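Visitor: I should like to take a close look at a single part of this protein. Please describe the pocket and then its surroundings, step by step.

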Amino acid sequence: MTRPAGPRDQLDQILRAAIRSVDARVAVERELVVESSGLSVCGYKLSGSAKLVVVAIGKAAAPMAAALAAKVPERIRAGLVVTKDGHANGHDLTAYQVFE
């Protein structure tokens with residue numbers, strides 16, 4: 001039998017949801033829509049053959065660029081990631097030139 005969630009459990013769920021909502025990788029995945037007719041980024045539609053030049057700067061640059069490369073690797077023409085030292089670790093950024 002499952003016990004009802006107490007205040008501590010509820011607070012934990014709220015905190016986890018808040019952190020997930022501002023995760024850079026999740027945000028890119030949410031705003032990037034791949035359709036048969038093309039690509040949509042934040043509601044802006046790109047043609048079916050459009051190539052991307054990616055520029056990502058800041059502490060969240062690595063997870064954002066990695067999410068884009070994971071979802072549409074064939075679309076990336078060139079890319080630059082500039083992030084704080086150590087923030088590129090653990091992200092697949094082979095499609096980009098990276099500066100830490």
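Guide: The account below begins with the pocket and then moves to the surface patch, the charged pairs and a few individual positions. The model is a predicted one.

The largest pocket holds about 300 Å³ of space. Its lining consists of 14 residues, and those nearest the centre are V28, V41, V54, M64 and L68. Three elements, α2 (24–31), β4 (52–57) and α3 (61–71), each contribute at least two residues to this lining. Strand β4 provides the largest share, with 5 residues. In chemical class, the lining of the largest pocket comprises 13 nonpolar residues and 1 charged residue, with no polar residue.

Helix α3 also contains A61. With a relative accessible area of 1%, A61 is buried, because buried means under 20%. The C-alpha atom of A61 is 8.1 Å from that of A24, although these two residues are 37 residues apart along the chain.

Strand β4 has a part in the surface as well. A nonpolar patch of about 480 Å² is formed there by V53, V55, I57, V82 and F99. The greatest contribution to this patch is that of β4, which gives 3 residues. I57 belongs to strand β4, and its relative accessible area of 64% makes I57 exposed, because the limit for that class is over 50%. Another member of the patch, V53, can be related to Y96: the two are 43 residues apart in sequence, whereas their C-alpha atoms are 9.8 Å apart in space. Y96 is situated in the loop between β5 (76–82) and β6. At 8% relative accessibility, Y96 is buried.

The residue Q97 falls in strand β6, which covers residues 97–99. Q97 is partly exposed, at 48% relative accessibility. A distance of 24 Å separates the C-alpha atoms of Q97 and R30, which are 67 residues apart along the chain.

The charged side chains may be considered next. Side chains of opposite charge can pair when their charged atoms come close. The structure contains 4 salt bridges, and three of them are described here in turn.

One of these salt bridges lies in helix α2, an element that also supplies at least two residues of the pocket lining. Here R25 is paired with E29, and the closest N and O atoms are 3.4 Å apart. Both residues lie in helix α2 at a spacing of 4 residues, about one turn of the helix. R25 is partly exposed, with a relative accessible area of 29%. E29 is likewise partly exposed, at 35% relative accessibility.

A salt bridge also joins the side chains of K45 and E35, with an N to O distance of 3.4 Å. K45 belongs to strand β3 (residues 44–46) and E35 to strand β1 (residues 32–35), so this pair ties together parts that are 10 residues apart in sequence. K45 is exposed, with a relative accessible area of 57%, whereas E35 is partly exposed at 34% relative accessibility.

The side chains of D12 and R16 form a further salt bridge, 3.0 Å from N to O. These two residues are 4 residues apart in helix α1 (residues 7–21), and about one helical turn therefore separates D12 from R16. D12 is partly exposed, its relative accessible area being 34%, while R16 is exposed at 52% relative accessibility.

One backbone feature remains to be noted. C42 occupies the loop between β2 (38–41) and β3. The phi angle of C42 is near 55 degrees, a positive value in a residue other than glycine. At 58% relative accessibility, C42 is exposed.

To return to the starting point, the pocket is lined by 13 nonpolar residues and 1 charged residue, and β4 supplies the largest share of that lining. Strand β4 also gives the most to the nonpolar surface patch.

Methods. Residues are numbered from 1 along each chain as its sequence is written. This is a predicted model: local features need pLDDT of at least 70, side-chain atom pairs count only at pLDDT 80 or more; totals for chains, interfaces and linings use all residues. Side-chain values use heavy atoms; hydrogens and water are left out. On a 1 Å grid over the protein atoms alone, a cavity is a set of points where a 1.4 Å probe fits but cannot get out, and a pocket is an open set with protein on both sides within 12 Å along at least five of seven lines; lining residues have an atom within 4 Å of a point. Grid points are joined across faces, edges and corners, and a volume is the space filled by probe spheres set on the points. Ala, Val, Leu, Ile, Met, Phe, Trp, Tyr, Cys and Pro count as nonpolar, Asp, Glu, Lys and Arg as charged, and the others, Gly among them, as polar. Patches are made of residues with over 30% relative accessible area and no salt bridge: like charges are joined within 9 Å, nonpolar side chains (Val, Leu, Ile, Met, Phe, Trp, Tyr) within 5 Å. Accessible areas come from the Shrake-Rupley method with a 1.4 Å probe; for residues, only the protein chains shown count as cover. Buried means under 20% relative accessible area, exposed over 50%, partly exposed in between (1.4 Å probe, protein chains only).
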